[in-house]
Amino acid sequence: MSTIGNAFAPVRDAFDSIGDAFHRMNQWQKYSFYAIVIIALYLAPFWTDIPVIGPIVDTPGTQFSTVLNDQVIIFVLVALGLNVVVGLAGLLDLGYVGFYAVGAYVTAILTSAHGNLPWLLSLPIAVVVSMLFGVILGAPTLRLRGDYLAIVTLGFGEIIRLTAKNMDWLGASRGISNIKKPPSIFGLKFGVIDPKPYYYLGLTLVLIVVFVLHRIEYSRVGRAWVAIREDEDAAELMGVHTFKFKLWAFTIGAAVGGLAGVHYAGKVGFINPDNFPLQLSILFLAAVVLGGSGNMYGAILGGVLVAYVPERLRNFADKRVFVFGVVLVLMMVFRPEGILPKRVGDEHKKRQRSSQNEEVAQ
Amino acid sequence: MSEILLDFNNVTMQFGGVTALSEVTLQISRGEILGLIGPNGAGKTTCFNVMTGVYAPTIGSVTFNGQSLAGLKRFEITKAGIARTFQNIRLFSEMTAVENVMVGADARKKSSVGGAILRTPRQRREENESRERSMELLKFMGIADRAHNAARNLPYGYQRRLEIARALATEPQLLCLDEPAAGFNPAEKQELNELILKIRAQGYTVLLIEHDMNVVMKVSDRVAVLDFGKKIADGLPDQVRSNPDVIAAYLGVDDNAS
Ligand SMILES: Nc1ncnc2c1ncn2[C@@H]1O[C@H](COP(=O)(O)OP(=O)(O)OP(=O)(O)O)[C@@H](O)[C@H]1O
Ligand SMILES: [Mg+2]
């Protein structure tokens, strides 16, 4: 195979050995492992204080924990949601930023522009409204396939942005300011200076989303999604109500995208239509495809990379769409399955499948 | 004859100018193995496609268990009790063998997103049922040793059998097999015939498309023959074998010497 494809082999092997080691652990060891990883993640804002590692991970120009929350958490959340739509169900959604915008705008409307609700109460409402938008967009379009769906969703993202830009009720190009902050809890104060509380909150949201999506993925619903992605006609002929499950994929994806928008709005306190450009949709998609479409952990990795790398490498941020465009093209050529693709069944145990592959090729 | 399970009534199926089926009438009785044979392009697969809702017939109707299939969606037809395999293997290649079968088993299940998130007792029960039933079917088909391999990594013979297991998992009354022995050697064909007989013994009705006359004659209770979209014979294997129209159809066409 290709050399560039093989360049990812060390990454993959590293994750594989973690995976293999993980499979050998007993229950108690597994829980301890989870606990350690989660604690390490909650301590991420302090990674910069670690000798040697600190200077390597630190982001020049921007505070590390700001990058963690404003970039990494947002991209990881969005990648998790978009992975359901694109990675699992195989539906190409080019307008995912629309749901992110809906989440942010609903919070902005309810807590500032046209209401006085607390942020926390706006969260479930915004998620439900995002899901409704998922249904509104999905119901007529999910009967379309492939290219058509991509074009319609692309239009959706733009329609949301342009509607916000042109409606006074939505603040038009001025946007909406004074969006309420999350409530103080456990002595964490959600202010304007310290980004750490937002990061803790965001990480908590990510963990909840991972938990929920994991349960859905390993159920009848997740199987239906993958079956649809693999062969929609065959799936339907095996009794899968394809339309219903595609709509669910859209709706759940929309919920997670909306949630990311709520978190974003709560942090920045001010949004306007320019925060939701088409190119964000592209970057979101890049995160999923780069990391490993169809694998939740791949999507997370992709989200981290697309969000973090441009901040780590100075002067890269404004070129990131271009650079990730090139990276994506290369990936499509040399490693279309992404850096960390999903391994099916026994593959993580026995990696020597070449002899069997030959049998199939007969 | 006994109860009619599927009634294929005067079906014509046209694709633009091509008439794939022309006024075909065909009945399948509950519990029988009906062999459907015919030269290449005779319209056998098209019969399956009409029965399973892939295409709506241009003229005519299909009745299953006394219920018209007109207007039913494909997955509704599956739930009504017709399952099929594909001539060109169409597995969910990125899923494991057992997951492939579970997709079929899931057709009879109800729990959805809410159940999955909350892991409700019903969801857990259904999940276990699907998994256990699917493993049983893999064992029945003799491919359980590869249950956790990706479908794309399975040997060809396993893939063919997996298709049958997946179809059986939907709990059909009528199982339609589209050339399940294609590409098999005589020993494998023999094994498959035995499996088909076992399947029927469990109470399934089987509609079997097969190219190889000899194979189909051995297992079928009854054989129907299509040629250029028309049914030219329908009867007991021995009658069909000696039918002059059938002999002409098979001699007239350069059939693959399998
Ligand atoms: N979707 C379609 N569009 C146009 N023509 C079709 C379509 N499906 C089938 N046909 C035509 O209908 C005829 C019957 O095809 P069918 O696949 O049913 O034959 P078959 O008996 O299954 O043949 P084989 O033994 O090669 O599988 C062929 O001439 C085929 O080209
Ligand atoms: Mg055919």
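Both partners of one salt bridge, Glu127(B) and Arg223(A), are buried in this predicted model. The closest N and O atoms of Glu127(B) and Arg223(A) are 2.8 Å apart. Glu127(B) belongs to helix α5 (residues 121-140) of chain B and Arg223(A) to helix α10 (residues 220-230) of chain A, so this pair joins two chains. Side chains of opposite charge can pair when their charged atoms come close.

A salt bridge also connects Asp233(A) with Arg74(B), and here the closest N and O atoms lie 2.9 Å apart. This contact likewise crosses between chains, running from helix α11 (residues 232-237) of chain A, where Asp233(A) sits, to helix α2 (residues 74-80) of chain B, which holds Arg74(B). Asp233(A) is partly exposed, at a relative accessible area of 22%. Arg74(B), with a relative accessible area of 19%, falls under the 20% limit and therefore counts as buried. The two residues are also members of a network of salt bridges that links Asp231(A), Asp233(A), Glu236(A), Arg74(B) and Arg90(B).

Within chain A, Arg335(A) forms a salt bridge with Glu337(A), with 3.8 Å between the closest N and O atoms. Arg335(A) is buried, its relative accessible area being 6%, whereas Glu337(A) is partly exposed at 34%. Over all chains, the structure holds 26 salt bridges.

Turning to the metal site, the magnesium ion (ligand 2) has Thr45(B), through OG1, and Gln87(B), through OE1, as its protein donors, at 1.9 to 2.1 Å. These donors bring together distant parts of the chain: Thr45(B) lies in helix α1 (residues 44-51) of chain B, while Gln87(B) lies in the loop between β6 (82-84) and α3 of that chain, 42 residues apart. Thr45(B) is partly exposed, with a relative accessible area of 24%, and Gln87(B) is also partly exposed, with a value of 30%.

On the surface, a patch of positive charge gathers Lys244(A), Lys79(B), Lys110(B) and Arg122(B). One of these residues, Lys110(B), is found in the loop between α3 (97-106) and α4 (113-118) of chain B. Its relative accessible area of 58% is over the 50% limit, so Lys110(B) counts as exposed.

Another loop residue is Pro60(A), placed between α4 (53-57) and α5 (64-88) of chain A. Pro60(A) is partly exposed, with 27% relative accessibility. Along the chain, 199 residues separate Pro60(A) from Leu259(A), and their C-alpha atoms are 29 Å apart.

How values were computed:
Residues numbered from 1 in each chain as written. Chains lettered and ligands numbered in written order. Predicted model: local features only at pLDDT ≥ 70, side-chain atom pairs only at ≥ 80, totals over all residues. Heavy atoms only, no water. Patch = residues over 30% accessible without salt bridge, like charges linked within 9 Å, V, L, I, M, F, W, Y side chains within 5 Å. Areas by Shrake-Rupley, 256 points an atom, 1.4 Å probe, with all protein chains shown as cover. Salt bridge = Lys/Arg side-chain N within 4 Å of Asp/Glu carboxyl O. Lys, Arg positive; Asp, Glu negative; His and termini not counted. Charge placed at Lys NZ, Arg CZ, Asp CG, Glu CD. Helix = DSSP H or I, 4+ residues; strand = E, 2+ residues; numbered from the N terminus. Buried < 20%, exposed > 50% of the residue type's maximum accessible area, 1.4 Å probe, protein only. Donors = N, O, S within 2.8 Å, 3.2 Å for Na, K, Ca; no water.
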